[in-house]
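Welcome! Here is a short tour of one protein model, with its open and enclosed spaces and two of its helices.

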Amino acid sequence: MTWFGTCVMVAMGMASPAMAASDASGTWSGKPAPLATPWTAEVSPDNALPEYPRPQLARPSLDHPRWMSLNGLWQYAPADGQGAPPFGQALKQQVLVPYPIESVLSGVQKHADFMFYRRLVDIPADFTAHGQHVRLNFGAVSQDATVYVNGKQVANHTGGYTSFSADITPALRTNGPQEIVVAVHAPVDSANVMVGKQRLKPEGIFYTAASGIWQSVWLEPVPAVSVAQLNLVPARSLDAFTVNTTLHGRCEGATLHVTAYADGKVAGEASGPACQSLHLSIAQPHLWSPRDPFLYTIKATLTQGDQRDEVTSYAGLRTIAIDKVAGRNRIVLNGKPTFLLATLDQGYWPDGIYTAPTDAALKFDIQKTKDLGFNTIRKHIKVEPARWYYWADRIGLMVWQDMPALPNGHNEKLSEADRTGFRADVSAIVDQLQGETSIIGWIPFNEGWGQWSIPAAAELAAQIKQRDPSRLVDARSGANCCDTKGDPHAGDVYDIHDYQGPGLPSPDGTRASMDGEHGGLTLGVPGHVWPNTPINPYGAVKDRDALNDGYVANTAVLRDKGPAVSVSGSVYTQITDVEGEHNGLFTYDRKVEKVDEAKVRAINEATIRANGEP
């Protein structure tokens, strides 16, 4: 019997002991999952991602909840894009929010370019007491969303990867349930908008589309003037934060008091006008790193007249930069050279497509990356929900954050409107994620996908750097691939792709260097692969032993030869299989760990040590 047989779980190792009891492929709707994860059967209309969605801006209360989840069953109908919104009309189908309509967890499991969502909501009376306003929040909707409350338009948002919010107080009825209708247009790859790897006809390295509401929806009562975003940027001196705040409502007369706590004790305080930057000094600074992911608890109080808005947040004190080490440019974390040993993480799920089935599942990939000895994740041409970054911050992984690509590949004929839209989406993503400690760098283009000219990568790198000078910018991951545009000679990092590699690029006069993709050793596990997809190998191996040996040998090159060329990082493809790609360290369903964790961790830790670590 080969190891692929009935003993595969024993031979390859279960992902965790608890998973053996979670093999069911059934779902809440009765539809069989094409490939179930250990969490598929746990999802129901009563517990669809019930956690508070935005850990960096929470409003706690000791006596009653300060928010209301709208995840769960909504009425649903595909549309033709021509008809009026169905106000006052029950829709025939149901969809489980926030799972994209193509996913089995949504209950729909079919794409539509246009669609309507409808839900009736009873808002608690205390949400509108004492002059409070009610905000309706969306984590993300792909691609264009128009929101109505009781027939009145309250929001229109374009961009499938960014959150948005609306004050719905003026549209609320005095009595009875409130009707929320969301009209969505999801063109996927038929329009030049950010879609990453989504395709209407997935194949090879492109995957199933994820349309409609795909992140959490919730209501929250707030004062008339409230905190919209709270970002803490570490000072280069590593003894303070710069606190930047944006508000819903007018800034005039509003003041902000911010307190940082370390292990429950006050570590620093600052006060001042709410819409101006504050300097928050930290006593006895405790730095954040993958080895010690320490986070300060942040409490902020916004005051305007007799109105108060109290929020909690968190932040890690760390810096990332390029500096000379032995005469060569290296990436330095907290002023010390480090080697960013990463996996490629695409963020796809066989049951939820773009949306992890549960928060435990969302955490799983990050935790296993850490357990395997990596210190970095490249989040590949996708933006995740806020809780994903929360887990990366707390577990302690550095993150290269890609921008989701346009769908048209290498196309110099993008219209100026398409380019303007991409630039705007890039800025919105940077603004939204600026507070995340784990994100140490931005990547606007992957191998030139959607890059309309040679200068475009340099242009976007400069745009991002101006907006966020506290992080690195990798202007183009895969400068050597896969067309004639080549290296933009811009940004902070020279990045090549080398399958199977690894590549060992040297830093140049202005940039550090890394191998942004390599490896890709392919091993399919029968019973744990996406149905009806051919294997898309970068290089097949025959069995688990060969995969282990191949990974160790591949990474040993970085350990043994990396220090001599001063390379600053690498990205192994990839943490899990995804649809037609079977080159993960885990299967797509996360049920089988295809490598020996101890062996992988040992070579990874040795590689990080050999190349310098803080």
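By class, how many nonpolar, polar and charged residues does the lining of the largest pocket have? There are 20 nonpolar, 19 polar and 10 charged residues, where Ala, Val, Leu, Ile, Met, Phe, Trp, Tyr, Cys and Pro count as nonpolar, Asp, Glu, Lys and Arg as charged, and the others, Gly among them, as polar.

This is a predicted model, in which local features need pLDDT of at least 70 and side-chain atom pairs count only at pLDDT 80 or more, while totals for chains, interfaces and linings use all residues. Residues are numbered from 1 along each chain as its sequence is written, and side-chain values use heavy atoms, leaving out hydrogens and water.

**The largest pocket**
- On a 1 Å grid over the protein atoms alone, a pocket is an open set of points with protein on both sides within 12 Å along at least five of seven lines, and a cavity is a set where a 1.4 Å probe fits but cannot get out; lining residues have an atom within 4 Å of a point.
- The largest pocket has a volume of about 1,000 Å³, a volume being the space filled by probe spheres set on grid points joined across faces, edges and corners.
- Its lining has 49 residues, and Arg54, Ser163, Gln229, Ala386 and Gln432 lie nearest the centre.
- Strand S15 (226-234) gives the most to this lining, with 6 residues; helices and strands here are DSSP runs (H or I, at least four residues; E, at least two), numbered from the N terminus.

**The cavities**
- The count comes to 3 cavities of 30 Å³ or more.
- The largest cavity has a volume of about 130 Å³, and S15 supplies the largest share of its lining, 3 residues.
- Leu232, Val233, Pro234, Arg318 and Ser470 lie nearest the centre of the largest cavity.
- The second largest cavity, of about 40 Å³, takes 3 lining residues from H2, which gives the most.

**Helix H2 (359-371)**
- The end C-alpha atoms of H2 are 18 Å apart, which agrees with the 18 Å expected for 13 residues at 1.5 Å a residue, counting one less than the number of residues.
- H2 bends by about 25° at Asp365, the bend being the angle between axes fitted to the seven residues ending there and the seven starting there.
- Asp365 is also among the buried residues of H2 (under 20% relative accessible area with a 1.4 Å probe, protein chains only), and it lines the second largest cavity.

**Helix H6 (544-565)**
- H6 bends by about 30° at Arg559, and Pro563 follows within four residues.
- Among the buried residues of H6 are Leu547, Tyr551 and Leu558.

Definitions and conventions: Buried means under 20% relative accessible area, exposed over 50%, partly exposed in between (1.4 Å probe, protein chains only).
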